[in-house]
Amino acid sequence: MHQARRLQLFPEERRAPVPRYLRLLPVGLVALGAALNLLTPPEATFTPLFAAAPLVAAALLSFRETVFAALVSTVAVILLSIYVGHAALVSDEMIRGLTVITVSAFSLVVSRLNRQLASARGVAAAVQRAVLPEPPDRVGPLEVAARYQAARVDTLVGGDLYAAVDTAYGARLLVGDVRGKGLGATEAVTVILGAFREIADTEPDLTELGHRLESAWQREGARRTGMDGVEGFTTAVVVEVSSGDPGTLRILDFGHPPPVLLDPDGKARYLEACDPGLPLGLAGLTGAPGGGRVQEYAFPPGASLLLYTDGVSEARDEKGRFYDPAAALDGRRFTRPRRVLDVLFSDIADHTDGAPQDDIAVLVVRRPVPGEDLDDGEGGRSGRRRRVSRPDGRGGSRRAVTEGERPGAGDNN
């Protein structure tokens, strides 16, 4: 099922199903206008109803159905003009008829433009999925989930990026944010992701991986003047979790917002870099290789790591207050990375009143607890709330806690 959804090339081109009563609305407007014209004095006019019919069809229905609505409206107005005025060439009736014809023609243009816009959005969405494909559910020893959300529906292609690859050195993760928007930013994203996937597979040392990533960015930036001039730098964070030692996070920061570690007991905290490097593309300003210093943190079983772009940390409410992901997620427990995404994006929508100001890319990885079985029948991808129980060490079980919610008083799970 999941793979089948990925194979839909342009799902945005397909209109959402329109309820039957809305499909009949254009014809209903024409019928209502005709009835009112026949039942009222000749000086009364209801031309707006006939003009509205093709406009409604252009907004809701297909081009063919819009043509039909325009023809019905035009023919109805002409017949009513002849019937009411007893002549085909009465000045007022001619004006009304020409009005409906003009509006009908305009509706056809609108309908055609809507189809072209839907196609363009479909292409943009396909480009975004090709450049930034959804990672697999498992990468090395980790469970993985990712999500991208554009700030505006008309800018589906952006500069936020993520990647999760399984290498001989363990799972390696990347989240970054290219300065800029549109196709120029997408070009920069392809360069960074391509370089990362190649270098991550061949470079055993994480610090050297960072140096090579910076070199690749500068090399491509020098070749591509437009990209270098508009998207001059990229903030990023690289994480490594070794298959032989999954209990340790190794993090390399390039001026990016700090990851959030979600402990199994519900505590959330930032993993601040003590010695961060400059963003990719800016190391040449100092003459140093850049990349900062690799730092290590404990990654216990059942813990999750949240990597995100500044669209999360810089999301503001109506009073200008920034969203704090660590504070928002503190005290909540999760057994699926996808559930972290559900809660996070729901919180951001509430915080910004449904109007985020920037694109958002989020990557969540979780270290499974040995021997746990959390299959919910849908591969853990449904995002539905589940009840989680853990042994209390005395032969019983502690009170179940709804996943993603903060535990109540007395529940020390």
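This is a short talk on the overall make-up, one sheet and one surface patch of a predicted model.

Hi everyone, thanks for coming. Let's begin with the whole protein. It has 413 residues, and 47% of them are buried. The chain folds into 12 helices and 13 strands. If we take contacts with a separation of 6 or more, 69% of them are between residues 24 or more positions apart. As for the surface, about 20,300 Å² is exposed, and carbon and sulfur atoms supply 57% of that.

Now, the sheet. In general, strands of a sheet pair through backbone hydrogen bonds, either parallel or antiparallel. Here we have an open sheet of 5 strands, in the order 3-4-5-6-9, and the pairing is antiparallel. Which strands stand at the edges? They are strand 3, residues 160-167, and strand 9, residues 295-298; each has a single partner strand, so one side of each has no neighbour in the sheet. From one strand to the next, the twist averages 20°.

If you'd like to zoom in, try strand 5, residues 234-241, and strand 6, residues 248-254: these run antiparallel and are joined by 4 bridges. Look for Val239, whose bridge partner in strand 6 is Ile251.

Last stop, the surface patch. Val75, Ile78, Leu79 and Ile82 together make a nonpolar patch of about 340 Å². Leu79 sits in helix 5, which spans residues 63-85. Is Leu79 buried or exposed? Its relative accessibility is 52%, and exposed means over 50%, so Leu79 counts as exposed.

That's the tour, and I'm happy to rotate the model for anyone who wants another look.

Terms used:
Residues numbered from 1 in each chain as written. Predicted model: local features only at pLDDT ≥ 70, side-chain atom pairs only at ≥ 80, totals over all residues. Heavy atoms only, no water. Patch = residues over 30% accessible without salt bridge, like charges linked within 9 Å, V, L, I, M, F, W, Y side chains within 5 Å. Areas by Shrake-Rupley, 256 points an atom, 1.4 Å probe, with all protein chains shown as cover. Salt bridge = Lys/Arg side-chain N within 4 Å of Asp/Glu carboxyl O. Helix = DSSP H or I, 4+ residues; strand = E, 2+ residues; numbered from the N terminus. Buried < 20%, exposed > 50% of the residue type's maximum accessible area, 1.4 Å probe, protein only. Pairing = 2+ DSSP bridges. Axes fitted to C-alpha atoms, helices over the stretch in contact; angles between N-to-C directions. Contact = heavy atoms within 4.5 Å.
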